[in-house]
Amino acid sequence: EFMKYVTTFNDKLYHSSGKDLLTSISAFSRPDNIVIYTENIPLSGYNTVDILKCGEIQTMLSKYPDKIPTYDGGTKRSASGYERRWFQWFRKMVMWYDYTNNHQPDSHEFIFLDCDIRQVSHIHTIPELKGDINIMESTLIGAETGFIPCKCTPATQYIFKTIIDRFLSGEMFNLPRLDDSYIMSQMKKEFPEIIHDMAADITPQHFKNSNGHKTCEQLLPFIEW
């Protein structure tokens with residue numbers, strides 16, 4: 001069975017890294033296996049969804065404008081810490097929900113991945129997915145959610161719908177952080193039988209990637225994938 005790759009970016013992120021992601025995946029897979037949630041960017045040859053037309057984004061803007069920074073369409077004039085970008089991260093979570101609940105993936109397995117990732121070789125052996133949703137957490141305070149292999153199951157749909165429902169109800173605003181990494185960690189604590197930590201036995205480490213960029217607390221380079 002073929003693997004679907006699902007990502008999201010705006011115009012700025014497309015030019016800084018998204019374009020390279022699409023080029024790298026297309027070298028090893030057909031472009032029609034890539035699904036992109038864009039912000040009104042015309043991209044020919046790919047399956048695209050305009051994320052700004054997803055109703056959940058408009059609902060949040062109408063229900064909680066005082067919690068959304070002005071530069072993201074709300075009325076909050078000063079934001080600090082995680083408040084500054086939460087509504088941008090929310091779009092990523094809308095992608096999780098919309099793809100699994102509204103688009104009925106025709107692939108048994110698919111991967112949500114951030115647009116700053118590049119595929120550098122063929123995936124010759126696809127590791128067995130132990131959970132319906134597979135994240136990387138290890139000892140991090142907030143999971144690494146830039147690469148999430150999933151199974152197309154009712155359990156997967158339920159988790160992502162639950163996340164969105166709790167945003168729409170305002171329940172999520174009781175948390176100290178609203179980024180996707182922290183929220184996914186909280187969901188794993190609540191639903192450990194559905195969400196699996198692929199990096200449970202790995203210590204986060206420094207890593208230098210193929211273009212010489214060094215980062216700390218990395219897990220993805222050291223897991224089976």
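This passage describes helix packing, selected residue environments and two unusual backbone angles in a predicted model.

We may begin with helix α2, which spans residues 55-63 and has E56, I57 and M60 among its buried positions. Viewed along the axis of α2, the buried residues fall within an arc of 105°, so they line one face of the helix. The partners of these buried residues are α3 (86-102) and α4 (154-169), against which they pack.

Helix α3 also takes part in a second helix pairing, this time with α5. Two packed helices are described by the angle between their axes and the distance between the axes. For α3 and α5, the angle is about 50° and the axes are 9 Å apart. The two helices are therefore oblique to each other. On the α3 side, the contact is made by W89, K92, M93 and W96, while α5 contributes D180, I183 and M184. Sorted by class, the residues of this contact comprise five nonpolar and two charged residues, with no polar ones.

Helix α5 itself deserves a closer look. Its buried residues are D180, S181, Y182, I183, M184, S185 and M187. Three of these, D180, I183 and M184, appear again in the contact with α3. The cover over the buried residues of α5 is drawn from both helices and strands: it includes α3 and α4 together with β5 (133-135), β6 (147-151) and β7 (195-197).

Within α5, which runs over residues 180-190, S181 offers a helpful example. The relative accessibility of S181 is 19%, and the residue therefore counts as buried, since the cut-off for that class is under 20%. A polar atom of the S181 side chain lies 2.9 Å from the backbone oxygen of A143. Setting aside residues up to four places away in sequence, S181 touches A143 as well as G142 and T145.

Ahead of this helix, L175 sits in the loop between α4 and α5. L175 is partly exposed, with a relative accessible area of 27%. Beyond the residues up to four places away in sequence, L175 touches Y182 and I183, both of which are among the buried residues of α5. By contrast, G74 is 101 residues from L175 in sequence, and the two C-alpha atoms are 20 Å apart.

Attention now turns to the strands. Q205 belongs to β8, which covers residues 205-208, and is partly exposed at a relative accessible area of 36%. Among the residues that Q205 touches, leaving out those up to four places away in sequence, are T215, C216, E217, Q218 and F222. One of these, E217, is 12 residues from Q205 in sequence, with a C-alpha to C-alpha separation of 4.8 Å. E217 lies in strand β9, residues 214-218, and counts as exposed at 52% relative accessibility.

The backbone of E217 is also worth noting. Most residues other than glycine have a negative phi, and most peptide bonds are trans. The phi of E217, however, is near 50°, a positive value in a residue other than glycine. N40 likewise has a positive phi, of about 60°, although it is not a glycine. While E217 is found in a strand, N40 is placed in the loop between β2 (34-38) and β3 (47-50). N40 is exposed, with a relative accessible area of 60%.

Methods: Residues are numbered from 1 along each chain as its sequence is written. This is a predicted model: local features need pLDDT of at least 70, side-chain atom pairs count only at pLDDT 80 or more; totals for chains, interfaces and linings use all residues. Side-chain values use heavy atoms; hydrogens and water are left out. Helices (H or I, at least four residues) and strands (E, at least two) are DSSP runs, numbered from the N terminus. Buried means under 20% relative accessible area, exposed over 50%, partly exposed in between (1.4 Å probe, protein chains only). A polar contact is a pair of N or O atoms within 3.5 Å; within protein, one must be able to donate a hydrogen and the other to accept it, and residues adjacent in sequence count only if both atoms are side-chain atoms. Contact means heavy atoms within 4.5 Å. The arc is that of the directions from the helix axis to the C-beta atoms. Axes are lines fitted to C-alpha atoms, for helices over the stretch in contact, and angles run from 0 to 180 degrees between N-to-C directions. Angles under 35 degrees count as roughly parallel, over 145 as roughly antiparallel, 65 to 115 as roughly perpendicular and the rest as oblique. Ala, Val, Leu, Ile, Met, Phe, Trp, Tyr, Cys and Pro count as nonpolar, Asp, Glu, Lys and Arg as charged, and the others, Gly among them, as polar.
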